[in-house]
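Q: I have a structure open on my screen and would like to learn how to read its interfaces. Could you walk me through them?

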Amino acid sequence: MADKLIKEMGLPKSMANVFAARNITTAQEALALTDFELMLLLDVGMAEVSSALARISEIACPPYQTALALMEQRIQKEGHGGHLPTGLKGLDEALCGGIPFGVLTELVGPAGIGKTQFCMKLSLLASLPTAYGGLNGRVIYIDVESKFSSRRMIEIGVQSFPDIFNMKGMAQEMAGRILVLRPTSLSKFTESLQQIQVALRQQQVKLVVIDSMTAVISGDYGQGASRQHLLGWHVSFIKSLAEFSRIPIVVTNQVRSQTRDEGCQYSFQVRSTEDPVGYDSHLVAALGINWAHSVTIRLVLEAKSGQRFIKLAKSPMSPPLAFPFNITAAGISLLDDYGRELKGAEINKIHSHGHSDVINFDGKGCSDQWGKPT
Amino acid sequence: MEVGRLPISASQRGKLIRAGYTTLSSLSSLSPSDLARELNVTNSEALEILKVASLNSRLDRTDGGHAIFNGAQTAWDMLHEEQLLRRITTSCADLDNILGGGINCKEVTEIGGVPGIGKTQLGIQLAVNVQIPVDLGGLGGKAVYIDTEGSFMVERALQIAEASVLDMVEYNDLLRKEHRKCQVNLKPNDLLESIYYFRICSYTEQMAVISYLDKFISAHKDVKIVIVDSVTFHFRQDFEDLALRTRLLSGMALKLMNLAKTYNLAVVIFNQVTTKYMEGSFQLALALGDSWSHSCTNRVILYWNGDDRYAFIDKSPSLRSASAPFSVTGKGIRNSASNHKRIKLM
């Protein structure tokens with residue numbers, strides 16, 4: 001919309017010529033100037049400028065819809081009303097159907113908690129035929145840290161949907177729908193994103209997974225303003241990809257420890273005398289507060305007292321629930337479909353308590369591990 | 001002089017106010033057929049109203065000094081006008097209290113907070129609450145929702161709309177036990193139908209939609225609230241020229257204020273949060289910088305205080321600085337339950 005050409009907007013000939021003479025060809029360039037500046041630049045009267053700007057704004061403005069029309073369109077045209085069911089009943093209910101289309105969903109948690117496992121399960125689900133609850137489409141998996149294991153994914157498939165995967169050739173078909181990209185630098189990653197933009201228009205891509213965003217961004221560039229700037233461009237781009245093609249995009253994020261300098265109060269709040277950092281390692285999501293604003297759904301995976309939890313830390317349509325889960329041969333499974341509602345800011349905290357117990361166990365007294373050699 | 005003091009029937013007055021005519025000057029250049037069309041009354045009724053209006057304005061001009069300046073109003077008239085204008089409730093009594101009754105029309109209110117605090121929730125709640133019928137104390141208007149981040153989820157809007165209809169029916173039943181005159185005929189889908197949704201994907205589109213709103217609202221005069229969620233997103237991502245950003249933002253703020261005043265509607269804009277190094281430590285502050293902080297009439301900050309969500313009036317020409325707790329429930333924004341729950345359990 002921003003790139004709409006002024007000469008195609010139906011302005012009176014004289015005005016269109018004046019714009020062209022001053023090298024203002026797109027709506028973006030015209031709207032970047034105020035009324036007064038344009039008047040000075042184009043050397044025409046205020047009335048003409050106002051009416052020209054009104055016309056340009058009207059054309060550059062995207063069309064509106066009533067919320068009702070939006071809802072009906074989603075229900076009719078999109079699978080499951082615009083959601084990718086995760087197969088985890090409690091989570092799907094809380095998310096009104098599953099991972100929503102058109103927005104960014106973030107998975108954040110400490111290392112080894114199960115983010116990649118979840119991503120692999122989601123990739124599989126998206127490739128399944130609609131009769132089995134999938135989206136019947138291709139998946140693009142951007143695997144920055146080389147954690148994707150096709151063998152593990154087939155195992156998840158065989159364990160979760162034995163009747164499909166035991167059919168001849170089905171495993172090959174499903175696995176054939178998942179494209180794995182392994183960009184080795186930020187510039188390669190940017191290239192991949194642009195290629196994805198093209199692919200989205202032509203092929204039946206139904207899900208994009210980026211695992212992990214943190215690894216891509218923290219690679220080459222330092223801290224501070226330049227990193228934020230770079231991240232900003234990528235965030236906008238990825239969000240627009242999701243929006244225009246109406247697909248879910250799942251991004252994983254890592255954690256870092258909370259530094260003392262972290263702002264957590266406003267100037268008008270009374271500074272609490274108690275030290276907010278407790279005894280267990282207090283972690284926060286990486287990539288900053290700007291990133292936290294940009295994602296629409298944030299799922300926090302954490303370990304508390306040796307039990308893993310998946311929490312809905314940010315979701316416009318769900319209460320703040322935490323579900324205990326385990327990693328099984330069939331991927332992720334919830335231990336309890338009702339979840340526990342957490343009060344207040346607790347939902348945002350990331351715990352890593354007893355986490356080492358969870359990943360280094362030796363198979364005694366815990367849920368079945370998926371053949372990981374000890 | 002304002003419409004509230006005209007010797008006309010209450011229903012006619014109500015219709016005039018709803019259509020946006022609160023002062024006599026706004027009626028002065030109108031023809032009877034236009035007025036009849038706007039108010040949905042007969043031509044003769046419209047003519048009557050205009051006659052009464054012109055008579056009263058003539059009486060007024062002999063003693064008033066405001067014939068000298070075009071568009072000027074005395075402070076007394078403004079006070080009366082403000083008392084006539086209804087405020088949009090947030091569905092949380094404590095929050096309404098510190099806001100002086102609710103979100104005010106004719107003003108731009110900026111609301112900011114950390115991610116997940118409930119800004120979009122409040123936005124959807126206001127978009128639904130503006131539609132509460134006049135008979136139940138609301139504005140009976142429609143909403144424009146400008147979504148720049150994609151955080152508006154229709155499923156959630158439906159949930160909030162359903163809860164709102166149930167609340168309205170309950171309130172109606174309590175209010176008119178004897179005279180069951182008015183029935184709440186609204187259904188949740190009707191509420192969704194009155195929310196005009198724009199999805200904005202770049203800062204140019206954001207500038208374009210705000211300029212276009214002038215034309216849109218003159219064609220849809222029943223819009224009583226414009227919500228921008230959020231104003232920050234596109235200006236924060238990859239803006240290199242900060243001077244341009246400041247210019248564009250101030251131009252946008254002016255246009256929004258103009259919209260609010262011309263069409264008598266409320267403008268609510270949401271802002272994000274950033275960390276700033278102030279007074280020797282890092283603190284949270286609303287994004288977009290210091291020059292932006294002057295642009296809005298009112299500024300409300302939503303924050304966490306322990307386990308509860310609070311709202312703080314950071315800046316307002318008429319409201320006192322105060323905090324109030326609120327909560328986000330399955331039904332939308334409601335009163336903070338912490339005190340009540342304990343009492344009930346006992």
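Q: Let me begin with the two chains: how many residues of chain A are in contact with chain B, and how many of chain B with chain A?
A: Glad to help, and please keep in mind that this is a predicted model. On the chain A side there are 57 residues in contact, and they meet 65 residues of chain B.

Q: How do I put a size on that interface, and what area do chain A and chain B bury between them?
A: The size of an interface is often given as the accessible area lost when the parts come together. Here chain A and chain B bury about 5,400 Å² between them, with carbon and sulfur atoms giving 64% of it. Within chain A, the residues that lose the most area to chain B are Tyr64(A), Tyr266(A) and His293(A), which together make up 13% of what that side buries.

Q: Which charged pairs should I look for across this interface, and how many salt bridges are found between chain A and chain B?
A: Side chains of opposite charge can pair when their charged atoms come close. Between chain A and chain B there are 3 salt bridges. One of them joins Glu243(A) to Arg199(B), at 3.0 Å from N to O. The two chains also share 12 residue pairs in polar contact.

Q: Which helix or strand gives the most residues to the side of chain A that touches chain B?
A: That is H13(A), with 8 residues. Helix H13 spans 225–245, and other elements supplying at least two residues include helix H4 (46–60), helix H5 (67–77) and strand E1 (65–66) of chain A. Sorted by class, this side of chain A has 27 nonpolar, 19 polar and 11 charged residues.

Q: You mentioned strand E1 of chain A. Which strand of chain B does E1(A) pair with, and in what sense?
A: E1(A) pairs with strand E3 (residues 195–199) of chain B, in the antiparallel sense and over 2 bridges. To find the place on your screen, look for Gln65(A), which stands opposite Tyr197(B).

Q: What is the order of strands in the sheet that holds E1(A)?
A: Reading across, the order is E1(A)-E3(B)-E2(B)-E4(B)-E5(B)-E1(B)-E8(B)-E9(B)-E10(B)-E11(B), an open sheet of 10 strands with mixed pairing. E1 of chain A and strand E11 (332–334) of chain B stand at the edges with a single partner strand each, so one side of each has no neighbour in the sheet. At the E11(B) edge, strand E10 (residues 323–329) of chain B pairs with E11(B) in the antiparallel sense over 3 bridges. Ser327(B) has Arg334(B) as its bridge partner there.

Q: Can I read the contact inside one chain in the same spirit? Into which domains is chain B divided?
A: You can, starting with domain 1 (3–68) and domain 2 (76–334) of chain B. Their contact takes 10 residues from domain 1 and 9 residues from domain 2. The buried area between these domains of chain B is about 830 Å², and carbon and sulfur atoms give 52% of it. Arg5(B), Arg18(B) and Thr22(B) supply 51% of the area that domain 1 buries against domain 2, more than any other three residues.

Q: How many salt bridges cross between domain 1 and domain 2 of chain B?
A: The count across this interface is 1 salt bridge. Do look at Glu38(B) and Lys221(B) too: they form a salt bridge whose closest N and O atoms are 3.7 Å apart. As for polar contacts between the two domains of chain B, the count is 0 residue pairs, with both residues required to be at pLDDT 80 or more.

Conventions
Residues are numbered from 1 along each chain as its sequence is written. Chains are lettered from A and ligands numbered from 1 in the order in which they are written. This is a predicted model: local features need pLDDT of at least 70, side-chain atom pairs count only at pLDDT 80 or more; totals for chains, interfaces and linings use all residues. Side-chain values use heavy atoms; hydrogens and water are left out. Domain bounds come from an automatic or database domain assignment. Contact means heavy atoms within 4.5 Å. Buried area is the accessible area (1.4 Å probe) that two parts lose on being put together, summed over both. A salt bridge is a side-chain nitrogen of Lys or Arg within 4 Å of a carboxyl oxygen of Asp or Glu. A polar contact is a pair of N or O atoms within 3.5 Å; within protein, one must be able to donate a hydrogen and the other to accept it, and residues adjacent in sequence count only if both atoms are side-chain atoms. Helices (H or I, at least four residues) and strands (E, at least two) are DSSP runs, numbered from the N terminus. Ala, Val, Leu, Ile, Met, Phe, Trp, Tyr, Cys and Pro count as nonpolar, Asp, Glu, Lys and Arg as charged, and the others, Gly among them, as polar. Two strands pair if DSSP finds at least two bridges between them.
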